[in-house]
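Student: I should like to go through this structure with you, one question at a time. May we begin once it is on display?

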2 protein chains.
Amino acid sequence: MDERMHVERVSRSRCFGGHQDVYEHDSPTLGCQMRFAVYLPSRSQREPCPVLYFLSGLTCSEQNAITKAGAQRHCEDHGIVLVCPDTSPRGPGVPDDPADDLGQGAGFYLNATQLPWSRNYRMFDYLTAELPQLVQGNFPVTEARGICGHSMGGNGALVLALSRPDLFRSVSALAPIASPMHCPWGEKAFKAYLGEDREAWRRYDACELVASHAGPAIAVLVDQGTDDGFLTKQLKPELLEAAAKGSRVSLELRRQPGYDHGYYFISTFIGDHVAHHARMLRG
Amino acid sequence: MDERMHVERVSRSRCFGGHQDVYEHDSPTLGCQMRFAVYLPSRSQREPCPVLYFLSGLTCSEQNAITKAGAQRHCEDHGIVLVCPDTSPRGPGVPDDPADDLGQGAGFYLNATQLPWSRNYRMFDYLTAELPQLVQGNFPVTEARGICGHSMGGNGALVLALSRPDLFRSVSALAPIASPMHCPWGEKAFKAYLGEDREAWRRYDACELVASHAGPAIAVLVDQGTDDGFLTKQLKPELLEAAAKGSRVSLELRRQPGYDHGYYFISTFIGDHVAHHARMLRG
């Protein structure tokens, strides 16, 4: 096997009849050692299964979703392999910032063009080339891939799916940052990673890609809690609704009364998201 | 209301249609401020519901079970209020030990008799008097109570239920320490909290209480992973099986192949435990 395809298992726990694993590998794309989590449903021991990628939000590693979201039960039910990557390159040699919304834990799933970020912060390439190849080469999976994400990872999932419909067949988001170009988190990060020219930001903005989507019609499921503390200043789901109007993106945006931004919200609705992906990936 | 009955809500999140809350209160029993978590299913907004207490293992606070076990979904389905206490008294004024298996986070659900522990470490009294009264006085609950626990909390649940069948109508455990008197964790803690006289240890040992149970026949559900790293040295489920033989405790011990000691194991089987309690508490 190609040395670049080598992954090392750092943990394995049986879970809902399948296995929750964590792997480590040297990433040439990101120039550092990376971890990702893989849930293998029991069905994957008998036949290859579709893969759902889950992109987490600010500050998260590959651990948050697998310990708190409770997605494994649903992935076991539907025979879906779940891959949870980290949210940025990591480690002492990787540029960082003391703030929670820039640097390690805040990669925004893009390819940075500005120093000091541009050498390591290439999460878009990592998630559209290196990681899918690693997953394909090491696990019992089919070519059917879906992508889902939360908050920063919600924008990431929409951007990745709409940029690469050849790679991702289904997409959904939980409390996504609808338009990083139009909120403080996104403007700060995009300026640092991509520079002052806002034209260069558009390819990483979910609303921009939804509005201009010219590919095959695609159904997008989005859940958003109405008591989410970031709703009006950072997330702005109304921008996503406006962008979807008249586009080839069929958006089902569900406003969930009383829910906040955290994992209790995610765990409540993740089952609907796994089912949405299973319909598209196994249909 | 009696000042001693006052609780303050420190967080609330909507979750599976109900609410996951955390409360704080001054505990006269323990001589410190304590937190406990309460999941209120939607049904509790219409009518009082039975209560299930969940006792966590070494190092845990009230947070671990509510973020990782995924029990809320099942409590919503069955209309059960879930109360998750902390595992010991807490705070700078409370004696502690640098080890993970003694002091704060390791209260073993007993009343300590030895200095310096005896002033604060009265978790048995806290869980059989103060906390049930607080819960009864502040939340929409019936008098039907069950108790479940993991590891140290598994022994705690069995001890509490068998000592106080008037208080707890149903009991179950996940990977319990079957007999603290016969394992390193338990021997170390019991010696510190209760002194050298092993006679005084018996009332806090699940196997002792199972073997001598003279009350009404009781059905106990226990799950134990076969790949649990603590199985042979600390947990010893075979001692529980031996103690139940010929006693009025009807033990269903399920050995779950390949599962370890962690929350992936708990989350896989907690649904069966909530259902077990719901049958007894609503039957």
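Student: How does Arg202(A) count by its relative accessibility: buried, partly exposed or exposed?

Tutor: This is a predicted model, and every value here is computed from it. The class called buried ends at 20% relative accessible area, and exposed begins over 50%. Arg202(A) has 36% relative accessibility, so it counts as partly exposed.

Student: With which residue does Glu199(A) form a salt bridge?

Tutor: Glu199(A) is itself exposed, with a relative accessible area of 53%. In its salt bridge, the closest N and O atoms are 3.1 Å apart. The partner of Glu199(A) is Arg202(A).

Student: Which residue is linked with Glu199(A) and Arg202(A) in a network of salt bridges?

Tutor: The structure holds 28 salt bridges over all chains. Glu199(A) and Arg202(A) form one salt bridge. The residue linked with them in a network is Glu208(A).

Student: How many residues apart are Arg255(A) and Glu241(A), which form a salt bridge?

Tutor: The closest N and O atoms of Arg255(A) and Glu241(A) are 3.0 Å apart. The pair links distant parts of the chain, with Arg255(A) in strand 9 and Glu241(A) in helix 8 of chain A. Arg255(A) is partly exposed at 41% relative accessibility, and Glu241(A) is partly exposed at 31%. Along the chain, the separation of the two is 14 residues.

Student: In chain B, what is the relative accessible area of Arg255(B)?

Tutor: Glu241(B) forms a salt bridge with Arg255(B), and the closest N and O atoms are 3.0 Å apart. This pair links helix 8 to strand 9 of chain B. Glu241(B) is partly exposed, with a relative accessible area of 31%. Arg255(B) is also partly exposed, and its relative accessible area is 42%.

Student: Is Ser56(A) buried or exposed?

Tutor: Ser56(A) is placed in the loop between strand 4 and helix 1 of chain A. Leaving aside neighbours within four places in sequence, its contacts include Ser61(A), Tyr109(A), His150(A) and Tyr263(A). The relative accessibility of Ser56(A) is 1%, so it counts as buried.

Student: Which residue has its backbone oxygen 2.7 Å from a polar atom of the side chain of Ser44(B)?

Tutor: Ser44(B) lies in the loop between strand 3 and strand 4 of chain B, and it is buried, with a relative accessible area of 8%. Not counting residues up to four places away in sequence, Ser44(B) touches Cys49(B), Val81(B) and Pro140(B). The backbone oxygen in question belongs to Pro41(B).

Student: How far apart in space are Ser44(B) and Val141(B)?

Tutor: In sequence, Ser44(B) and Val141(B) are 97 residues apart. In space, the C-alpha to C-alpha distance between them is 7.5 Å.

Student: Which residue follows helix 2 of chain B?

Tutor: The buried residues of helix 2 of chain B are Ala71(B), Gln72(B), His74(B), Cys75(B) and Glu76(B). The residue that follows this helix has a positive phi, near 65°. That residue is Gly79(B).

Student: Which residues of chain B lose the most area to chain A?

Tutor: The area buried between chain B and chain A is about 1,700 Å², of which carbon and sulfur atoms give 50%. Three residues of chain B together account for 39% of what that side buries. They are Arg14(B), Phe16(B) and Tyr264(B).

Student: How many residue pairs are in polar contact across the interface of chain B and chain A?

Tutor: At this interface, 21 residues of chain B are in contact with 21 residues of chain A. The rule finds 0 salt bridges across the interface. The number of residue pairs in polar contact, both at pLDDT 80 or more, is 10.

Student: How do the residues of the side of chain B that touches chain A divide into nonpolar, polar and charged?

Tutor: Strand 1, helix 1, helix 2 and helix 9 of chain B each supply at least two residues of that side. The residues divide into 7 nonpolar, 9 polar and 5 charged.

Student: Of the residues of chain B, which comes closest to the rotation axis?

Tutor: Chain B can be laid on chain A by a turn of 180° and a shift of 0.0 Å along the axis, with an RMSD of 0.0 Å. That is the relation of a two-fold axis. Since 100% of the interface residues of chain B are also interface residues in chain A, the copies meet through the same surface. With its C-alpha at 2.6 Å, the residue of chain B closest to the axis is Lys68(B).

Technical notes
Residues numbered from 1 in each chain as written. Chains lettered and ligands numbered in written order. Predicted model: local features only at pLDDT ≥ 70, side-chain atom pairs only at ≥ 80, totals over all residues. Heavy atoms only, no water. Helix = DSSP H or I, 4+ residues; strand = E, 2+ residues; numbered from the N terminus. Buried < 20%, exposed > 50% of the residue type's maximum accessible area, 1.4 Å probe, protein only. Contact = heavy atoms within 4.5 Å. Buried area = accessible area lost by both parts, 1.4 Å probe. Salt bridge = Lys/Arg side-chain N within 4 Å of Asp/Glu carboxyl O. Polar contact = N/O pair within 3.5 Å; in protein donor to acceptor, adjacent residues only side chain to side chain. Nonpolar A, V, L, I, M, F, W, Y, C, P; charged D, E, K, R; others polar. Least-squares fit on C-alpha atoms with pLDDT ≥ 70 in both.
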